[in-house]
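Open your viewer and keep the selection tool ready. We will walk through one chain, stop by stop.

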Amino acid sequence: MILNKEKDLTVTSDTTNVYDEVLTTKELNAKENKHLRRQAKAAESEAKKNSFKNNIEVKQINEEELFNAPKKVALKDRENVIEVEDLDFYYSMGNKQALSKINMKIKKNTVTAFIGPSGCGKSTLLRSINRMNDLVENIVINGSIKVNGVNIYEPGINVARLRTEVGMVFQKANPFPISIFDNVAFGPRSQGIRDKQVINQLVEDSLRKAALWEDVKDYLKDSALGLSGGQQQRLCIARAIAMRPKILLMDEPTSALDPIATLKVEELILKLKKEYTIVIVTHSMAQATRVSDYTAFFLSGELVEYDRTKKIFTNPKNKKTEDYISGRFG
């Protein structure tokens, strides 16, 4: 009886050892599989991040590194990134002409100022460069606008992509009623970017470029509506450049700001032109002379004169230009 019990016990002991070995093998396999899944997930995340970073680099107009200043090239030798050819623009189904036979070329990494009295068509032309006027009913457009050689009014143009590459900053600051961080991250997130590290870096880089990082870095989760007017406008600039555009359009960006805030935005424009081509509408002759390389004077829907800013303000060719900048009308 005792031997049988011992035998039984021995069998039971052997069985337990085998079971333990099986358990250990399963646990090891589970841990190995879990480890492999983590590696695969990390690799997938890294691939997405690298893909987005590569996309940022590809979208740059030049081949320099993303945050390096491009090599200096004489203005006259820079390539044209915007070409307007024989542009006619009408409101009210062709009953009201806003622009007539506009022809101009805007060079890369320059600031071009549109000046002229109210109603002369300068804002209409600005909004035509990224087709914001498509939102207006009953418009008629003839002629063409080429951005990097592509006619943006050709059938089949992806307008959403166009507006990503040609950013817009409006006259009045329009931050979203959400946090400062989420304002800047809104665009990249809407484009499908979910990697937190990439988003964090984009937000910081954009706020730094907009000269706002030092002011808000400790308050990123606070509402953007709590910022001052000048800070809100710089936040809108940061939100625009977070999409990594090639061109920035600015429609009277400082008209509602005090002199100190205006100065900060103007300083920002001069820094940003190293990486972006900027077109600005302004009613301030002084601002045009301070920030722009080229100036275009519009009157009654026509482009009266377009030249280097220094030449426009010191030796204009057209008498109408001279009368306007000297304050005789407008």
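## First stop: helix α4 and its cover

Select α4. The cover over its buried residues includes α5 (196-209), α6 (213-216) and α7. Keep in mind that this is a predicted model.

Which residues of α4 are buried? Colour Ile180, Phe181, Asn183, Val184, Ala185, Gly187 and Pro188: these are the buried residues of α4. A general rule helps with reading any α-helix: there are 3.6 residues a turn, so residues three or four places apart point the same way.

Now step just past the end of α4. Gly192 sits there, with a positive phi of about 95°.

## Zoom out: the whole chain

Show the chain as a cartoon. There are 11 helices and 10 strands. The chain has 330 residues, and 45% of them are buried.

Now think about contacts between residues at least 6 apart in sequence. Of these, 69% join residues at least 24 apart.

Switch on the surface. The chain exposes about 18,200 Å². Carbon and sulfur atoms supply 51% of that area.

## Second stop: the largest pocket

Rolling a probe the size of a water molecule over the atoms shows where empty space is left. Here, the largest pocket holds about 490 Å³ of space. Its lining has 20 residues. Select Arg163, Met168, Arg239, Ala240 and Met243, the lining residues closest to the pocket centre.

Which elements supply the lining? α3 (159-165), β6 (166-169), α4 (180-190) and α7 (229-241) each give at least two residues. The largest share comes from β6, with 4 residues. Colour the lining by type: 11 residues are nonpolar, 7 are polar and 2 are charged.

## Third stop: along α7 and just beyond

Stay with α7 and select Gln233, which is part of this helix. Is Gln233 buried or exposed? Gln233 counts as buried because its relative accessible area is 2%, below the 20% cut-off.

Show what surrounds it. Beyond its neighbours within four places in sequence, Gln233 is in contact with Val169, Phe170, Gln171, Lys172, Ala173, Pro253 and Leu257.

Move on to Arg244, in the loop between α7 and β7 (247-251). Phi of Arg244 is near 55°, a positive value in a residue that is not glycine. Arg244 is buried too, with a relative accessible area of 3%.

## Fourth stop: the nonpolar cores

In soluble globular proteins, nonpolar side chains tend to be buried together. Look for that grouping here. The largest nonpolar core has 44 residues. Select Leu207, Leu235, Leu248, Met250, Ile269, Leu272 and Ile278, which touch the most other members.

Now centre on Ile278. Which residues does Ile278 contact, leaving aside neighbours within four places in sequence? They are Thr110, Val111, Thr112, Leu248, Met250, Ile269, Leu272 and Lys273.

Apart from the largest core lies another, of 28 residues. Its members include Phe89, Ile106, Val147 and Leu249.

## Fifth stop: α2 and the loop after it

Keep Phe89 on screen and add Ser128, in helix α2 (residues 122-128). Ser128 is in contact with Phe89, Asn133, Ile145, Ile152 and Tyr153, leaving aside its neighbours within four places in sequence. Why does Ser128 count as buried? Its relative accessible area is 1%, and buried means under 20%.

Go on to Arg131, in the loop between α2 and β4 (140-147). Arg131 has a positive phi of about 60°, although it is not a glycine. Arg131 is buried, with a relative accessible area of 14%.

## Last stop: out to the surface

Select Lys310, in helix α10 (residues 309-314). Lys310 is exposed, because its relative accessible area is 69% and the cut-off for exposed is over 50%.

Add Thr295, which is 15 residues from Lys310 along the chain. What separates the C-alpha atoms of Lys310 and Thr295 in space? The distance is 8.7 Å.

Finish at Arg328, in the segment after α11 (319-325). Arg328 counts as exposed, at 54% relative accessibility. Show Glu322 and Asp323 as well: Arg328 is in contact with both, its neighbours within four places in sequence left aside.

Methods
Residues numbered from 1 in each chain as written. Predicted model: local features only at pLDDT ≥ 70, side-chain atom pairs only at ≥ 80, totals over all residues. Heavy atoms only, no water. Core = buried A, V, L, I, M, F, W, Y, C linked by side-chain atoms within 4.5 Å. Buried < 20%, exposed > 50% of the residue type's maximum accessible area, 1.4 Å probe, protein only. Contact = heavy atoms within 4.5 Å. 1 Å grid on protein atoms, 1.4 Å probe; cavity = no way out; pocket = protein on both sides within 12 Å on 5 of 7 lines; lining within 4 Å. Points joined across faces, edges and corners; volume = space filled by probe spheres on them. Nonpolar A, V, L, I, M, F, W, Y, C, P; charged D, E, K, R; others polar. Areas by Shrake-Rupley, 256 points an atom, 1.4 Å probe, with all protein chains shown as cover.
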